[in-house]
Amino acid sequence: MEGEEQTSLWNKETVPKVMKIVSTRLPQRDLISLLLVSPWLHRTLLSSPSLWLAIDLREMNNAGDRLIAAVSLPRYQHVKQISLEFARDIDDGHLEILKNKCLDSLQGLESLNLNGCQKISDKGIEAITSCCHKLKVFSIYWNNLSERSLQLVADHYQELESLNLTRCVKMTDSGLQQILIRCSFLRSLNLYALSSFTDETYKKISVLAHLRFLDLCGAQNLSDEGLSCIAKCKNLVSLNLTWCVRVTDVGVIAIAEGCTSLEFLSLFGIVGVTDKCLEALSKFCSNTITTLDVNGCIGIKRRSRDDLLQLFPYLSCFKVHS
Amino acid sequence: MSEVDMAVIKPEMMKSYIWLQTADGSIQQVEQEVAMFCPMICHEVIQKGMGSSKNYAISLPQRVNPAMLSLILDYCRFHQVPGRSNKERKSFDEKFIRMDTKRLCELTSAADSLQLKPLVDLTSRALARIIEGKTPEEIREIFHLPDDLTEEEKLEPLKNTTDDPRIRLLNRLYAKKRKELKEREKLKNVEVEEERVDDRSVDDLLSFINGDNGDSKGIKTSKSKKKNRRRKDQQKSTSANEANKNHSEESNGLNSLCHSSEVGQKIRPSIGATSNLQDVEDDIFANKNEFDDGDIDDEIDPALKEKLDREVEDFARRLNSDWPERMQEILSLGQERKAVHFPLNGNGSVRRYSRAEMISK
């Protein structure tokens, strides 16, 4: 009988306890596999709510249906993070259903990634803003959203910390300005491949006192004036100015003087900067800069690996943009 | 070395020992500095004054049998020595966890009861690597768990009084599953994936949330990693419709080959890479491995550099005349440009984005 007891102990106690520990390291897919292994594992894992705070539907088909099914499950009622990055078959209709049927489960949602979900329009965003009130992280890379969505986000998420608008080409100045004015706690703003904003809008970024990460790749209208205003964001750690072709030494020096905690900087493709700006950067940020991309900066004469290491002793990454 | 030997060789050393008792009743004494490496034992000694003699031996939790205790003490004996380098410790750890899965499991459990977090982290990471990508059946086999779920499939359709689309969906899934099982039974004698009648059956079926159908085999080769990346690139540069054509394997939720495994594989370390003790969580949120490879060799050789400078100059001129279209073109087709070559991974904008996302998280 002892053998049976041992086996029983193994199945019902040892393995579930161990799996509970291990499961914190497992991706969603394996978590669900574990659920199906045995009734005791099932029970043990479900009793651990911290395991079920994220729903990962990246690149899946039928994502709309799957999302509704998932959010309807009791174990996801405290979901904090949903990723639908490049998921397919999800549109405004699904979001409407979510709003109508799963209101309670979405109350705690803090992070939503809709990258690449091109069937979602402003209507879908309206559904989201009306049922999720606590979003901190919002990502809509390459989506078909317009200024209206930005307006909605600005209205509802004043505590927003991270916003990714990469390639949302329909975005306008007024929409972004609304965000800048009202989402003053933003720590991360990604405007990669958005070339239509005016310099006036870029100047307004200066109000984001908490900004740490700013991606302005492709900001063709960004001038030295705009960049000097951005330099007021003292806490900036990461700044991408790839292809910001109007920028010269003046702007970069302003950044050097203002953002002394800068760790990551790309000046890729900017022909108007010279060695002067590197000297300034070295003077103010040499202790912190670990990534610096000056490839294609033909105005800078001394930018070999050794030259750069002399100016920035902690430099480890020399390339950002390819 | 026994205590007597130690006393003979170094009589002047007053070595302290802690007395420990395992659940089977056996008592042993362990060098103090080794035993105190375990927080639970430390607590018993300091807060309760236990362990100073045989009569006051510290009772260890039931999960710590003599074999496990011996392993744990080996671990403690090595790591409590302050002078060791990180490399030494890592090397020791790698060798230490080479044991069968059952032992690894018991060890995790025992270490957890003694609150020895570094060892729990080490063993649970190893177990996570073992579990990754496995089907429930495979997991049962590995951990010697009985298949005690009900054999018969009892998938009753739910009553759909409100015409809830979710319930319609569920019933459709049940019907499909029933059909699928019938077919499978006809074809083979193999055991079928069972579900329970209780609320679990809902969950199990809704594991289609995961794109799981039980037959998916976990580990894909690096070929599929590349395929996945290329797919992603294509998605970004062409319309969503075109991208859909590439996904030929999708049929319906339940029957589709586990699509999510591809997503996972892209970012999971390969099983068996025992040298990489990196936390699995890190891999989930950042394509760090890909990016880091790039960083190791980020120096462009001079000839290429010159070419790059010329290209940029050229671009700068063209850009000023023809910006908006150029911009879109550059950024969406960046990785496919033949004009500018880079010695590294050509998925510039993909990786770039991943890095950006990683930072912003």
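This is a walk through a predicted model, one selection at a time.

**Stop 1: the sheet in chain B**

Start by selecting strands S1, S2 and S3 of chain B. Together these three strands form an open sheet in the order S2-S1-S3, with mixed pairing. S2 and S3 sit at the edges, each pairing on one side only.

Now pick S1(B), residues 17-21. Four of its five residues are buried, so call this strand mostly covered. On one side, S1(B) pairs with S2(B), residues 27-31, in the antiparallel sense over five bridges. Select B:Ile18 and you'll find B:Val30 of S2(B) standing opposite. Then try B:Gln21, which has B:Ile27 as its bridge partner in S2(B).

The S3(B) side is parallel, with two bridges joining that strand to S1(B). Here B:Gln21 turns up again, this time opposite B:Ser59.

Before you leave, follow the hairpin that connects S1(B) and S2(B). There are five residues between the strands, and B:Gly25 takes a positive phi near 100°.

**Stop 2: two serines, two settings**

Keep B:Ile18 on screen and add B:Ser52. The two are 34 residues apart in sequence, but their C-alpha atoms are 5.7 Å apart in space. B:Ser52 belongs to the loop between helix H3 (39-48) and strand S3 (58-59) of chain B. Is B:Ser52 buried or exposed? Its relative accessible area is 55%, so B:Ser52 counts as exposed.

Next, jump to B:Ser113, in helix H6 (residues 101-113) of chain B. This serine has 11% relative accessibility and therefore counts as buried. Show its side chain and look for B:Ala110: the backbone oxygen of B:Ala110 lies 2.7 Å from a polar atom of the B:Ser113 side chain. Leaving aside residues up to four places away in sequence, B:Ser113 touches B:Met40, B:Pro61, B:Arg63 and B:Val64.

**Stop 3: a cluster of rings**

A search over all chains finds eight aromatic pairs in the structure. For a good group of them, select B:Tyr75, B:Phe78, B:Phe92 and B:Phe96, which ring pairs link into a cluster.

Zoom in on B:Phe78 and B:Phe92 to begin with. Their ring centres are 4.0 Å apart and their planes at 5°, so this pair is stacked. Which helices does the pair tie together? B:Phe78 is in helix H4 of chain B and B:Phe92 in helix H5 (residues 86-96), so the link joins parts that are 14 residues apart in sequence. Both B:Phe78 and B:Phe92 are buried.

Move along to B:Phe92 and B:Phe96. This pair is stacked too, with ring centres 5.5 Å apart and planes at 20°. The two residues are four apart in helix H5 of chain B, so about one helical turn separates them. B:Phe96 is buried, with a relative accessible area of 11%.

Go back to B:Phe78 and add B:Arg84. The arginine lies over the face of the ring, at 4.0 Å from its centre. For another example, this one between chains, select B:Lys102 and A:Trp10: the lysine lies over the face of the tryptophan, at 5.0 Å from the ring centre.

**Stop 4: the nonpolar cores**

Which members of the largest nonpolar core touch the most other members? Select A:Ile205 and A:Leu216, which hold that place among its 151 residues. Helix H4 (residues 66-79) of chain B gives the most to this core, with eight residues.

Centre the view on A:Leu216 and show its surroundings. Not counting residues up to four places away in sequence, its contacts include A:Leu191, A:Tyr202, A:Ile205, A:Leu222 and A:Ile230. Also among them are A:Asn240, A:Leu241, A:Thr242 and A:Cys244.

There's a second, separate core of five residues to highlight as well. Its members include A:Trp243, A:Val245, A:Phe268 and B:Leu308.

**Stop 5: a covered helix in chain A**

Finish with helix H2 of chain A, residues 28-35. How many of its eight residues are buried? Eight of the eight are, so this helix is mostly covered. Colour it by residue type and you'll see that the buried list includes A:Leu31, A:Ile32, A:Leu34 and A:Leu35. A:Gln28, A:Arg29, A:Asp30 and A:Ser33 are on that buried list too.

Conventions: Residues numbered from 1 in each chain as written. Chains lettered and ligands numbered in written order. Predicted model: local features only at pLDDT ≥ 70, side-chain atom pairs only at ≥ 80, totals over all residues. Heavy atoms only, no water. Buried < 20%, exposed > 50% of the residue type's maximum accessible area, 1.4 Å probe, protein only. Polar contact = N/O pair within 3.5 Å; in protein donor to acceptor, adjacent residues only side chain to side chain. Contact = heavy atoms within 4.5 Å. Core = buried A, V, L, I, M, F, W, Y, C linked by side-chain atoms within 4.5 Å. Phe/Tyr/Trp six-rings, centres within 6.5 Å; stacked < 30°, edge-to-face > 60°. Lys NZ or Arg CZ within 6 Å of the ring centre and 35° of its normal. Pairing = 2+ DSSP bridges.
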